[in-house]
Amino acid sequence: MLMFVLPIVFGGTRAANVTDFHWVTRNDAPIPFVRMVFSLSSPVHANASISASGTSTTLTLKNAVIAGAPTSVTMDDGIAKTASLVQKGSDTVVTIETPKPIDVADLKVFTLKKDTVNNKPYRMVVDIQQKGMAPRENYYGKKPVVVAPVAKPASESKEKATTAKAAPKPATKPEPVKSNIQAKVAPPIVNSAPAQPQPAKPTSVNYRTSGGISGKIIVLDPGHGGSDPGAIGPTGLQEKQVTLPISEYLKSVLEAKGAKVVLTRTTDVDVYGPHASGVDELQARVDVANVNQADAFISVHINSFSNPNVGGIATYYFDGSEQSKKLASSVQRQIANHSGFNGDRGIQPGNLYVLRHSLMPSILVELGFISNPTEEAHLKEANTRQQFANEIANGLEAYFGG
């Protein structure tokens, strides 16, 4: 006996191959859910039903043949335990077992068309949300923090006091860096002597947004470095140890496509100088992009959160810049469903210093959560870093067109 039957219309009637099946738990949603994605060679007709007990959900893909997709998958014990695929005549029947009874409100089934730009096939998507959990506030990563002015202690060194007089802070309130840990560092590669006269900084950039990636100037900003390790994972992996190699790989890929690439740092150093203020360090990174008249600025980061189950990939842009939003969308489409990471967190407007003060389309990518043990493990792998570099490069190439 079935509780309900939901027809899903997805275009064509010719036989389709079910070529892949993967799943992910989305703990970052207001109500956590398991997402299952079935890759198809062509559109199918389908229907979904829930048993009377509520613990078994059936998805029938009409005129579809299992061709490469796994036939049995163990998923999340708390939301959707298992899924099995069985060939019944000309149809593929998917049975999903849940630990608790669900109803129509807990199930969502929808289709995605073939995406030739991003090399994505036709897809059937099934979402089952966790039963009995009240919605919670979503978490969207780093948010702007207002820092109250703090009086400098009388014991502050003469060197720091002199620097403060020589380089007065802007009126904009500084954003804090994540950490300042004493470390031996090489001399900074940019603005190594900030007290000396500096060339006038540009107030505008004649950036280009079309015509192909060849010849474009792209500045890559490996997040953190030197005295600032960034976020630290459960096994001690530091954010700065991941952002630089990804940026180096990305530089090579982009140069092979004909772009001119500049990195804000090429070694483990602070860009402005060791233990600089948040504003000075972040502005030094922005200056590299502005002075080089970049067509795009990409800041590479890894996210972190107190809950180790939170994961996924996001891209931030400064709200109000339509070109930055377009760039964010183009890159996020490529990196969003990276294997081994906890799903697509989407593009988000971010009031972040490097996005606010750059004069060209700019984005900040958060390539997973270093606080998530599974994602931290993947971030240690050279293959993962190279894949992220290729995906970001593909997003940039699509953005510039041609």
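**Note on the predicted model: two sheets and three buried polar residues**

1. E376 is buried, its relative accessible area being 2%. This is a predicted model, and the residue is found in helix α6, which covers residues 373–379. Because burial is set at under 20% relative accessible area, a value of 2% puts E376 in the buried class.

2. What does the side chain of E376 make a polar contact with? The partner is the side chain of T235, at 2.8 Å. In addition, a polar atom of the E376 side chain lies 3.5 Å from the backbone nitrogen of L237. E376 and L237 are separated by 139 residues in sequence, yet their C-alpha atoms are 7.4 Å apart. With neighbours within four places in sequence left aside, the contacts of E376 are G233, P234, T235, G236, L237, F369 and I370. Both T235 and L237 thus recur in this contact list.

3. For the protein as a whole, there are seven helices and 17 strands. Buried residues amount to 48% of the 402 residues. Of the contacts with a separation of 6 or more, 76% are between residues 24 or more positions apart. The accessible surface is about 18500 Å², and carbon and sulfur atoms contribute 54% of it.

4. One open sheet has six strands, in the order β13-β12-β14-β17-β15-β16, with mixed pairing. Why is one side of β13 and of β16 left without a neighbour in the sheet? β13 and β16 (344–349) stand at the edges and each has a single partner strand, so one side of each has no neighbour in the sheet. From one strand to the next, the twist averages 20 degrees.

5. Within the six-stranded sheet, β15 (residues 313–317) is joined to β17 (residues 362–369) by five bridges, and the two run antiparallel. A314 has E366 in β17 as its bridge partner. Helix α2 (residues 240–256) packs on this sheet and touches β12 (217–222), β13, β14 (296–303) and β17. The direction of α2 makes about 165 degrees with that of β12. Helix α3 also packs on the sheet, touching β12, β13 and β14; the angle between its direction and that of β12 is about 170 degrees.

6. The pairing of β15 with β16 also has five bridges, but here the strands run parallel. T315 has I347 in β16 as its bridge partner. Between β15 and β16 the chain passes through α4, giving a β-α-β crossover that is right-handed.

7. S330 belongs to that crossing helix, α4 (residues 322–335). Is S330 buried or exposed? S330 is buried, with a relative accessible area of 3%. Apart from neighbours within four places in sequence, S330 is in contact with G395, A398 and Y399.

8. T264 sits in the loop that runs between β13 (260–263) and α3 (278–291). The relative accessible area of T264 is 0%, so this loop residue is buried. Its side chain makes a polar contact with the side chain of D221, at 2.7 Å. D221 falls within β12 (217–222), a strand that stands beside β13 in the sheet order.

9. A second open sheet is built from five strands, ordered β6-β2-β3-β11-β10, again with mixed pairing. Its edge strands are β6 and β10 (107–112), each pairing on one side only. Ignoring direction, neighbouring strands of this sheet are turned by 30 degrees against each other on average.

10. In the five-stranded sheet, β2 (residues 16–26) pairs with β6 (residues 64–66) in the parallel sense, over three bridges. Two residue pairs can be named for this pairing: A16 stands opposite A64 in β6, and N17 stands opposite V65 in β6. How many bridges join β2 to β3? Eight bridges join β2 to β3 (residues 33–40), and these strands run antiparallel. F21 has F38 in β3 as its bridge partner.

Definitions and conventions: Residues numbered from 1 in each chain as written. Predicted model: local features only at pLDDT ≥ 70, side-chain atom pairs only at ≥ 80, totals over all residues. Heavy atoms only, no water. Helix = DSSP H or I, 4+ residues; strand = E, 2+ residues; numbered from the N terminus. Buried < 20%, exposed > 50% of the residue type's maximum accessible area, 1.4 Å probe, protein only. Polar contact = N/O pair within 3.5 Å; in protein donor to acceptor, adjacent residues only side chain to side chain. Pairing = 2+ DSSP bridges. Axes fitted to C-alpha atoms, helices over the stretch in contact; angles between N-to-C directions. Contact = heavy atoms within 4.5 Å. Areas by Shrake-Rupley, 256 points an atom, 1.4 Å probe, with all protein chains shown as cover. Right-handed = clockwise from strand over helix to strand, strands pointing away.
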